[in-house]
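Hi everyone, thanks for coming along. I'd like to walk you through a structure that will be new to most of you, so please have a look at it first.

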Amino acid sequence: MTGLIGVLGGAGAVGRTAVERLASFGLPLRIGGRSLVRADEVARAVGADATAVDLFDDDSLTRFCSGCAVVVNCAGPSYQVLDRVARAALAADAGYVDAAGDLVAVEALGHAPPSSLARRAAVFSAGLMPGLSGLLPRLLLDGTPVGRLDVYVGGSVEISEASAVDALLTRGPKFGHALAMWQAGRVVEHSLAPLRSVSLPGFRGRVHAVPFLSTEMRMLAAGGGIGELRNYTVYATENLPAAFATAWADDEQPPEAHAGAIVAAAARDVEEHGRHYTVLAYARPPAGSGLPARRVLLRTPDSYPLSGLVAAITARELAAGAVPPGVHYASEALDPRRVTAELAGDPLVSELALPEDAAATR
Ligand SMILES: NC(=O)c1ccc[n+]([C@@H]2O[C@H](COP(=O)([O-])OP(=O)(O)OC[C@H]3O[C@@H](n4cnc5c(N)ncnc54)[C@H](OP(=O)(O)O)[C@@H]3O)[C@@H](O)[C@H]2O)c1
């Protein structure tokens, strides 16, 4: 399948890079957003068309999707978008890529799934986290036995208002389990404590690592037969954990009321520590196996453009017919070797150490 790629939210922090990269792949594009002026500015830069579309308006969304081979959604917040754009894309007989969206969105699409899913693919979580955070550790699950896998993702980047609302709504067992690990085939609640002021390979300075067994990591552990998995969200300072704690303690107000405080806390991190983001996955061999520990490490100056690149790669794979019909997560639908080969030479990636690199085996 080749043809027009529609990028909804193409003028946003994630969408801009998705648009640039899809254009560099030589794919014809349609850029959409509520503001025609903003969408048009991005579209002109790559010689594409722009359309005014509000994803919560059925008619304009239907018009936007019509004629597309693939629709890429980079508009949020994801937990309000859910399966809305996916359904419109599939109704137009297009494939679908979402830079965000996890189990909740997938489950929503699973209730009365569109019949076109028998012919088309819908891929969710095609960003950095979720996305690369689930894909990169798969390089360590290449048949080499793993006794324990530790994954650390985070750093210091600005957070958009849409992402802030998403992050605030990411609560409850469908999203993940705070302070939990995966062990011997099940989630073990309250089994881990935050690591305060620690040094971690690939992270700048001392950081705070907060255990959060995300749904993406739980699925990775369950599918990969990993004995133990610990997953941490990494913060450069206490600014963000404190802002999240304040927001979550407030039952009175909607999450939107606290988005500004989250955005401001992330901006303070960047002021104090610059802009940087890391994914580190560290696999220990089973005890007594004599095998070496292995790791994969990726560093980027900013997680948002890199999320746009992952969404663009996913859309290109869909357009090329490389993803089978049905509903997928990007971390499972993409080939980690092919993606890392592409990321290795990309200016958005400041460091990539793969398991076979000497420096990645410690
Ligand atoms: N997986 C990951 O690692 C990852 C990383 C970062 C972000 N994300 C997710 O990606 C999504 C976008 O984040 P972002 O930071 O790029 O947001 P952003 O900078 O605010 O951009 C959002 C874009 O969507 C458009 N938009 C917003 N509401 C819309 C609506 N109702 N209808 C049509 N277009 C709309 C906006 O343009 P107009 O204002 O002109 O409509 C804008 O172009 C969020 O869901 C976020 O959580 C995922």
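Let me start with a question: which helices each supply at least two residues of the shell around the ligand? They are helix H8 (161–169) and helix H12 (303–319). Helices here are DSSP runs of H or I with at least four residues, strands are runs of E with at least two, and both are numbered from the N terminus. H8 gives the most to that shell, with three residues.

A quick word on what you are seeing. This is a predicted model, where local features need pLDDT of at least 70 and side-chain atom pairs count only at pLDDT 80 or more, while totals for chains, interfaces and linings use all residues. Residues are numbered from 1 along each chain as its sequence is written, and side-chain values use heavy atoms, with hydrogens and water left out.

Back to the ligand. It is surrounded by 30 residues, where being near means having a heavy atom within 4 Å. Arg34, Arg38, Met129, Ser160 and Asp166 are the closest. By type, the shell holds 16 nonpolar, ten polar and four charged residues; Ala, Val, Leu, Ile, Met, Phe, Trp, Tyr, Cys and Pro count as nonpolar, Asp, Glu, Lys and Arg as charged, and the others, Gly among them, as polar. At least three shell residues come from each of domain 1 (5–127 + 305–340) and domain 2 (132–302 + 347–360), with bounds from an automatic or database domain assignment.

Now for some polar contacts, meaning pairs of N or O atoms within 3.5 Å. A polar backbone atom of alanine 13 sits 2.9 Å from a ligand oxygen. For ligand nitrogen atoms, there is a polar side-chain atom of aspartate 54 at 3.0 Å, and a polar backbone atom of alanine 99 at 2.9 Å. How much of the ligand's surface does the protein bury? Of the 910 Å² that the ligand exposes when taken alone, 88%, by the Shrake-Rupley method with a 1.4 Å probe.

Next, please find the open sheet. Its seven strands run in the order S3-S2-S1-S4-S5-S6-S16, with parallel pairing; strands pair if DSSP finds at least two bridges between them. At the edges are strand S3 (49–52) and strand S16 (326–329), each pairing on one side only. Strand S2 (residues 29–33) joins S3 through four bridges, and glycine 33 has alanine 52 in S3 as its bridge partner.

Finally, some backbone details. Most residues other than glycine have a negative phi, and most peptide bonds are trans. Yet glycine 76 and proline 77 share a cis peptide bond, with omega about 0 degrees, and so do methionine 129 and proline 130, with omega about 5 degrees. Aspartate 93, in the loop between helix H5 (84–91) and strand S5 (95–98), has a positive phi of about 65 degrees.

Key
Polar contact = N/O pair within 3.5 Å; in protein donor to acceptor, adjacent residues only side chain to side chain.
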